[in-house]
Amino acid sequence: MRAGVVQELMARIAGSENKRADDEFTNVKLMKDTTAAQLLKVMDYYGKSLSVGCMYCHASGGKWDEDTKEEKNTTRVMIELVNSINGGGLAKLRPNRNGQTPKISCMTCHRGNSTPGNAMLP
Ligand code: HEC
Ligand code: HEC
């Protein structure tokens, strides 16, 4: 499902894959420093992390730039949360065995659940 939508959008942006995401798309507030193709790859990763399709966060009718869905706005909060944890606390750790500074991502908490908080209820 997601793969097909990504493929369709990749075809639509053909020739502009390596443009900055905020030059190619109209309402990118946080993921500016990435390419258009990379943004779509990350979108697929969001879906995978939560086990949801694109429409979980996006309005139907191909209006990808609309901010009408609560889930899309929540995701912007989540992106800032991830950036602050990676850039703050975790950046103070020494590199791990692979020589990389440990980072968290959506999958770290969500693991295929849209609402990971529920898993912690007694
Ligand atoms: C968990 C929520 C979530 C899911 C799932 C998701 N998106 Fe997004 N999407 C966002 C957010 C948030 C933004 C805005 C990012 C920003 O402002 O930097 C965005 C932005 C976009 C944009 C740019 C729109 C514009 O013109 O500004 C496109 C295109 C897009 N998504 C496509 C997809 C596709 C295709 C899928 C499925 C493969 C998908 N999204 C799945 C949350 C999601
Ligand atoms: C530190 C753990 C953590 C990380 C990292 C994290 N989330 Fe979340 N997320 C949560 C918790 C907790 C909730 C609240 C869910 C609940 O109500 O149980 C939540 C809620 C959400 C929701 C709203 C779900 C709903 O239906 O109410 C979305 C969408 C979401 N996260 C997307 C993301 C995305 C995309 C990322 C990566 C950019 C991300 N999250 C990273 C912990 C996390």
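# Exercises: two iron sites and some salt bridges

At 28% relative accessibility, D44 sits in the partly exposed class. Keep that residue in mind for Exercise 3, and remember throughout that we're working on a predicted model.

**Exercise 1. Find which residues coordinate the iron atom of ligand 1, and work out the arrangement of its donors.**

Step 1: Start with the protein side. M43 coordinates through SD and H58 through NE2, at 2.0 to 2.2 Å.

Step 2: Now take the angles. There are 6 donor atoms around this iron, and they subtend 85 to 179°. For six donors, octahedral requires opposite donors over 155 degrees apart and all others between 65 and 115. The arrangement is therefore octahedral. As a yardstick, ideal angles for six octahedral donors are 90 or 180 degrees.

Step 3: Place the two residues in the chain. M43 belongs to helix α3 (residues 36-50), while H58 is in the loop between α3 and α4 (70-87), so the pair ties together parts 15 residues apart in sequence.

Step 4: Check accessibility, using under 20% as the cut-off for buried. H58, with 12%, is buried, whereas M43, with 27%, is partly exposed.

**Exercise 2. Do the same for the iron atom of ligand 2: which residues coordinate it, and what surrounds the ligand?**

Step 1: The protein donors are SD of M78 and NE2 of H110, at 2.0 to 2.3 Å.

Step 2: The 6 donor atoms give angles of 84 to 179°, which makes this arrangement octahedral.

Step 3: M78 comes from helix α4 and H110 from helix α5 (residues 106-110), so this pair links parts 32 residues apart in sequence.

Step 4: On accessibility, M78 is partly exposed at 37%, and H110 is buried at 10%.

Step 5: Zoom out to the ligand. It's surrounded by 19 residues, the closest being Y56, M78, C106, C109 and H110. Two polar atom pairs are worth picking out: a polar side-chain atom of Y56 is 2.4 Å from an oxygen atom of the ligand, and one of H110 is 2.7 Å from a nitrogen atom of the ligand.

**Exercise 3. How many salt bridges does the structure hold, and which parts of the chain does the R2 to D44 bridge tie together?**

Step 1: The count is 8 salt bridges.

Step 2: Take the bridge between R2 and D44, whose closest N and O atoms are 2.7 Å apart. R2 is in helix α1 (residues 2-12) and D44 in helix α3, so the bridge ties together parts 42 residues apart in sequence.

Step 3: Back to D44 from the opening: its 28% makes the residue partly exposed.

**Exercise 4. Classify the partners in the D22–R20 and R76–D67 bridges as buried or partly exposed, then find the network that R76 and D67 belong to.**

Step 1: The D22 and R20 side chains meet with an N to O distance of 3.1 Å. D22 has 24% relative accessibility, so it's partly exposed. R20, at 37%, is partly exposed as well.

Step 2: For R76 and D67, the N to O distance is 3.3 Å. R76 is buried, with a relative accessible area of 15%, but D67 is partly exposed, with 24%.

Step 3: Follow the shared partners. Salt bridges join K29, D67, K72 and R76 into one network.

Methods:
Residues are numbered from 1 along each chain as its sequence is written. Chains are lettered from A and ligands numbered from 1 in the order in which they are written. This is a predicted model: local features need pLDDT of at least 70, side-chain atom pairs count only at pLDDT 80 or more; totals for chains, interfaces and linings use all residues. Side-chain values use heavy atoms; hydrogens and water are left out. Donors are N, O and S atoms within 2.8 Å of the metal (3.2 Å for Na, K and Ca); water is not among the atoms, so sites may look incomplete. Four donors count as tetrahedral if all angles lie between 85 and 135 degrees; four count as square planar and six as octahedral if opposite donors are over 155 degrees apart and all others between 65 and 115; anything else is irregular. Helices (H or I, at least four residues) and strands (E, at least two) are DSSP runs, numbered from the N terminus. Buried means under 20% relative accessible area, exposed over 50%, partly exposed in between (1.4 Å probe, protein chains only). A salt bridge is a side-chain nitrogen of Lys or Arg within 4 Å of a carboxyl oxygen of Asp or Glu. A residue is near a molecule or strand if one of its heavy atoms lies within 4 Å of it. A polar contact is a pair of N or O atoms within 3.5 Å; within protein, one must be able to donate a hydrogen and the other to accept it, and residues adjacent in sequence count only if both atoms are side-chain atoms.
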